[in-house]
Amino acid sequence: MIKVALVDDHQLFRKSLSLLLSSFEGIEIIHDTNDGLAFLKFAETEVIDVVLLDIQMPILDGYEVCKRLKLINPEAKILIISQLTSKEAIHQIMECGANGFFTKNSSPELLESAIRNVVERDYYFDVELGAVIREAILWEKKVHYNLDLTIHVSLTAREIEIIKMACIEMSSKEIGDKLCISTRTVEKHRKRIMEKTASKNFIGVILYALKTNAVSLSDI
């Protein structure tokens, strides 16, 4: 069962979305609120698999909720609820370290797919991965963000293998089946790679791997 929390200050939208999500098999709504601070208090003690998070909220905006949640519960996957274009949303995600986004105009089928994908692949975008990477690179240039490549990070052959498979949008289960290891072991590798590369999400890992030539654009 995928445990989902919903944080959005528009009550009608939030309640409608909660009803819709409750109709999906294997998805359980465990919390919904319009208050980012109250949600963070809830997240301190509860297991949450996926958070659907609005950005524009009173008291505490979605960016700050995202950053604080990553400290409290780094395992939780965060999907930003956005009314922005894909390009703007990708830049937002790189800023706050979320795992993906979906637009309020998305179909119910796409929303269900987004939740399942972010659990299985660590990220979800409603555009193809190559376009996401290109926008992420543009974002890095825009904010003058540069990785300190003088700090040597040694990625193992297995870790590079997993990054390359993530580049072609394989899920942890698919990677595990391919490498004859468990899904849990793949997820441990993913977590370790993010720690090694100091990445907020797996898109950050792919950017790191591109810059250090561990993978090439042809791998994406």
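Here a biologist asks a modeller how the labels on this predicted model were reached.

Modeller: Quick ground rules: this is a predicted model, where local features need pLDDT of at least 70, side-chain atom pairs count only at pLDDT 80 or more, and totals for chains, interfaces and linings use all residues. Residues are numbered from 1 along each chain as its sequence is written, and side-chain values use heavy atoms, with hydrogens and water left out.

Biologist: Fine. Why is helix 7 called roughly perpendicular to helix 9?

Modeller: Helices here are DSSP runs of H or I with at least four residues, and strands are runs of E with at least two, numbered from the N terminus. Axes are lines fitted to C-alpha atoms, for helices over the stretch in contact, and angles run from 0 to 180 degrees between N-to-C directions. Helix 7 (residues 157-167) and helix 9 (residues 183-197) pack at about 100 degrees, with axes 10 Å apart. That makes the two roughly perpendicular, because the label covers 65 to 115 degrees (under 35 is roughly parallel, over 145 roughly antiparallel, the rest oblique).

Biologist: What makes up the contact of helix 7 with helix 9?

Modeller: Contact means heavy atoms within 4.5 Å. Among the residues that meet are Glu159 and Ile163 in helix 7, and Arg192 and Lys196 in helix 9. By class, the contact has 4 nonpolar, 1 polar and 5 charged residues. Ala, Val, Leu, Ile, Met, Phe, Trp, Tyr, Cys and Pro count as nonpolar, Asp, Glu, Lys and Arg as charged, and the others, Gly among them, as polar.

Biologist: How do you know that Glu159 forms a salt bridge with Lys196?

Modeller: The closest N and O atoms are 2.8 Å apart. A salt bridge needs a side-chain nitrogen of Lys or Arg within 4 Å of a carboxyl oxygen of Asp or Glu, so this pair qualifies. Glu159 lies in helix 7 and Lys196 in helix 9, so the pair ties together parts 37 residues apart in sequence.

Biologist: Why is Glu159 called buried, and what is Lys196 called?

Modeller: Buried means under 20% relative accessible area, exposed over 50%, and partly exposed in between (1.4 Å probe, protein chains only). Glu159 has 5%, so it is buried. Lys196 has 22%, so that residue is partly exposed.

Biologist: What links Arg14, Lys15 and Asp32?

Modeller: A network of salt bridges. Asp32 pairs with Arg14 at 2.8 Å between the closest N and O atoms. Asp32 lies in strand 2 and Arg14 in helix 1, so parts 18 residues apart in sequence are tied together. Lys15 also meets Asp32, at 3.1 Å, N to O. The whole structure holds 10 salt bridges.

Biologist: Which of these three residues are buried, and which are partly exposed?

Modeller: Arg14 is at 7%, so it counts as buried. Asp32 has 24%, so it is partly exposed, and Lys15, at 38%, is partly exposed too.

Biologist: What makes strand 2 and strand 5 edge strands?

Modeller: Each pairs on one side only. Two strands pair if DSSP finds at least two bridges between them. The open sheet has 5 strands in the order 2-1-3-4-5, with parallel pairing. The twist averages 25 degrees from one strand to the next.

Biologist: How do you know that strand 4 and strand 5 pair?

Modeller: Strand 4 (residues 77-82) and strand 5 share 4 bridges, in the parallel sense. Ile80 stands opposite Phe101 in strand 5.
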